[in-house]
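Q: Please take a close look at the largest nonpolar core of this model, and then place it in the rest of the chain. Which residues have the most contacts inside it?

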Amino acid sequence: MVTRVEAVLYLKGRPISKKNLSEITNADINSIEKALRELKEKYSNTKSAIELNEINSCYCLELKSILNEFVEDLLPSELRTSELRTLATIAIKKKILQSDLIVLRGSGAYDHIKELTNKKLIIKRKQKDGRSYWLSLSEKFFQTFAVSNEYLSQIGGNKK
């Protein structure tokens, strides 16, 4: 259960309530609370770059603020962290329906998709038998981030 809660918090990239965590993971609130306690303990380690934060009774995983200045130089300056998380989700999936991405990342991902499309990091194609769009990585993504398709297949579990 801890791994599932951790995955949801990472992919959402925004604060999420215990109730929503319960619905997404199909677990009861007590299990969610236990998982959150375990994650809090896991990320309280001073060697971790990530921390579990509570904001208005909602939870999120964030980079420790002491590292903000350090990572600013590592990130492409034109992309925000939330856009990078959306891009990472697309990269891991390699090909994903926009509607599925919105479920994973929230409605803010519509803006991320627009920005990533404008920067030519992703390709958006109309679904043949539906109303959504297929999102996939562009050649510019592979040039910008120097990641191979083979590597993405390994970390994505060979999923489409």
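A: The answer starts with the core and then moves to the helix contacts, two single residues and the cysteines.

This is a predicted model, in which local features need pLDDT of at least 70, side-chain atom pairs count only at pLDDT 80 or more, and totals for chains, interfaces and linings use all residues. Residues are numbered from 1 along each chain as its sequence is written, and side-chain values use heavy atoms, with hydrogens and water left out.

The chain has 9 helices and 6 strands; these are DSSP runs numbered from the N terminus, helices being H or I of at least four residues and strands E of at least two. Of its 160 residues, 38% count as buried, where buried means under 20% relative accessible area, exposed over 50% and partly exposed in between, with a 1.4 Å probe and protein chains only.

The largest nonpolar core has 17 residues. A nonpolar core is a set of buried Ala, Val, Leu, Ile, Met, Phe, Trp, Tyr and Cys residues joined through side-chain atoms within 4.5 Å. The residues with the most contacts inside this core are L87, I90, L116, I122, L135, L137 and F141. At least two core residues come from each of α5 (81-93), α6 (98-105), α7 (109-118), β6 (133-137) and α8 (139-145). Helix α5 gives the most, with 4 residues. Leaving aside residues up to four places away in sequence, I90 touches K95, I96, L101, L116, I122, L135, S136 and L137, a contact being heavy atoms within 4.5 Å. Apart from this core lies another, of 14 residues, among them V5, I32, L36 and L61.

Two of the helices that supply the largest core, α6 and α7, have axes that come within 9 Å and cross at roughly 125°. Axes are lines fitted to C-alpha atoms, for helices over the stretch in contact, and angles run from 0 to 180 degrees between N-to-C directions. That makes α6 oblique to α7, since angles under 35 degrees count as roughly parallel, over 145 as roughly antiparallel, 65 to 115 as roughly perpendicular and the rest as oblique. Here Q98, L101, I102 and R105 in α6 meet A109, Y110, H112 and I113 in α7. By class, this contact has 5 nonpolar, 2 polar and 1 charged residues; Ala, Val, Leu, Ile, Met, Phe, Trp, Tyr, Cys and Pro count as nonpolar, Asp, Glu, Lys and Arg as charged, and the others, Gly among them, as polar.

Helix α1 (residues 2-12) packs on helix α3 (residues 29-43) at an angle of about 75°, with the axes 9 Å apart, which makes α1 roughly perpendicular to α3. V2, V5, E6 and L9 of α1 make the contact with I32, A35, L36, E38, L39, K42 and Y43 of α3. The contact has 8 nonpolar, no polar and 3 charged residues.

Also in α1 is V8, buried with a relative accessible area of 12%. V8 touches I16, L21, I24 and T25, not counting residues up to four places away in sequence. In α3, K34 is partly exposed at 49%.

As for cysteines, the structure holds 0 disulfides, a disulfide being a pair of cysteine sulfur atoms within 2.5 Å. C58 is in no disulfide, and its nearest cysteine sulfur, that of C60, is 8.8 Å away. C60 counts as buried, at 2% relative accessibility.
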